[in-house]
Amino acid sequence: MKLKSLIAGLIGGAVMAAAATVSLAETTMEKIVRTGEMTIAVQTQGPPVSFIDKNGERTGLAIELAQMMADDMGVKLVVQDYDWKGLIPALTSGKADFIAADMTPTAQRSMQIMFTEPVFFAETVAFTKEGSDYTKWQDLNSADVSLAATQASSYAAAARKFLPDAELKEFSGGTAQAVQAVMSGRATAGVTDKATLSGFQSSIEGIVLLDGELNKEPLGFAVRPDSVHLLNSLDNYMRLIRIDGRLDEKIAYWWNSTDWEADHK
């Protein structure tokens, strides 16, 4: 009887200790406050959202938005570079506090992470090399066509959905590698967003934008499911800078024009 009571007491104590540990677990926002640092995961080379400019400095739309928030919070921004497919693992493993990228909140991704409200939007388009016989994206839906897209991206998903008869080739290096594949003849065409493509068109001759849009997608940042305070803070901050005009200013400069190229390329 005494043994049973002792075992019950030990089990009860263990449960209470575990509950206390959970209740005392530090939130992501509490960690940011304690350390004075906010760590973001960004795509290694993804202009105009995140890239190294001609001066060797990390910049882009996502970088400037995250830096603005860090400055207003009074904390240091720490930037970690990853290939596109490495962004979600970096977040879920705790290496980064949130993902600052042009990421679409797909149903599958939302099973792993939580997304902010849309920060900006992207038009998914197709492109080819000058001299091809294709004029609109629908022309690419053929078995003799190979499509280049960023690995594990919404662009690749759009290609599968809207151009199912074409062969899809995925590249881990982002749109830059997709463009290289098309221009070198390793792919017939590529799929990306219109804003990103415009940046490559201004620096590489022979890229042809095909008529029409495959789809239009909301883009946002992402946090771990347990980072509710940080998620609310990100949403509130984007509302704040949208109202005071700073968000629209950044989007107009980085996303809806190529004005940034004169300063950074």
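Trainee: How do α9 and α10 lie relative to each other, roughly parallel or roughly perpendicular?
Mentor: Happy to start there, keeping in mind that this is a predicted model. The axes of α9 and helix α10 (residues 246-254) cross at roughly 85° and come within 4 Å. Angles from 65 to 115 degrees fall in one class, and α9 and α10 are therefore roughly perpendicular.

Trainee: Which residues of α10 make the contact?
Mentor: Take the α9 side to begin with: Y237, M238, L240, I241 and R242 take part there. Their partners in α10 are R246, L247 and D248.

Trainee: How many charged residues are in the contact of α9 with α10?
Mentor: Let's go through the classes of this contact. Nonpolar residues number five, and there are no polar ones. For the charged class of the contact of α9 with α10, the count is three.

Trainee: And how are α2 and α9 arranged, roughly parallel or roughly perpendicular?
Mentor: Helix α2 (residues 28-35) packs on helix α9 (residues 228-243) with the axes 6 Å apart. The angle of this packing is about 80°. That value lies within 65 to 115 degrees, so α2 and α9 are roughly perpendicular.

Trainee: Which residues of α9 does α2 meet?
Mentor: From α2, the participants are T28, M29 and I32. The residues of this contact comprise three nonpolar and three polar, with no charged. On the α9 side, the residues met are H229, L230 and S233.

Trainee: Turning to open space, which element gives the largest share of the lining of the largest pocket?
Mentor: The largest pocket holds about 240 Å³ of space. It has 14 lining residues, and I88, T106, R109, Q112 and A152 are the closest to its centre. Two or more lining residues come from each of α4 (87-92), α5 (107-110) and α6 (154-162). With three residues, the largest share belongs to α4.

Trainee: How many charged residues are in the lining of the largest pocket?
Mentor: A class-by-class look helps here too. Seven residues of this lining are nonpolar and five are polar. The charged residues in the lining of the largest pocket number two.

Trainee: What gives the most to the lining of the second largest pocket?
Mentor: This pocket has a volume of about 160 Å³. Its lining has 13 residues, with Q45, P47, F51, F200 and K265 closest to the centre. The elements giving two or more residues are β2 (51-52), α8 (194-203) and α11 (260-264). The top contributor, with three residues, is α8.

Trainee: Now the closed spaces: what is the volume of the largest cavity?
Mentor: The structure contains two cavities of 30 Å³ or more. The volume of the largest cavity is about 170 Å³.

Trainee: How many polar residues line the largest cavity?
Mentor: The lining is made of 20 residues, with Q43, W84, D102, Y155 and T175 nearest the centre. Elements that supply two or more of the lining residues are α6, α7 (175-183), α8 and β12 (215-223). The lining includes seven nonpolar and three charged residues, while the polar residues number 10.

Trainee: How many charged residues does the lining of the second largest cavity have?
Mentor: This cavity has a volume of about 30 Å³. It is lined by T116, E117, P118, V119, D235, M238, R239 and R242. Three of these count as nonpolar and one as polar, and the charged residues number four.

Trainee: Last one: over which residues is the pLDDT below 50?
Mentor: The protein averages a pLDDT of 91, and 91% of the residues score at least 70. One stretch below 50 has zero contacts in the model beyond near neighbours in sequence. Where pLDDT is low, predicted coordinates should not be read in detail. The stretch to treat this way is residues 17-23.

Terms used: Residues numbered from 1 in each chain as written. Predicted model: local features only at pLDDT ≥ 70, side-chain atom pairs only at ≥ 80, totals over all residues. Heavy atoms only, no water. Axes fitted to C-alpha atoms, helices over the stretch in contact; angles between N-to-C directions. Parallel < 35°, antiparallel > 145°, perpendicular 65-115°, else oblique. Contact = heavy atoms within 4.5 Å. Nonpolar A, V, L, I, M, F, W, Y, C, P; charged D, E, K, R; others polar. 1 Å grid on protein atoms, 1.4 Å probe; cavity = no way out; pocket = protein on both sides within 12 Å on 5 of 7 lines; lining within 4 Å. Points joined across faces, edges and corners; volume = space filled by probe spheres on them. pLDDT = per-residue confidence, 0-100.
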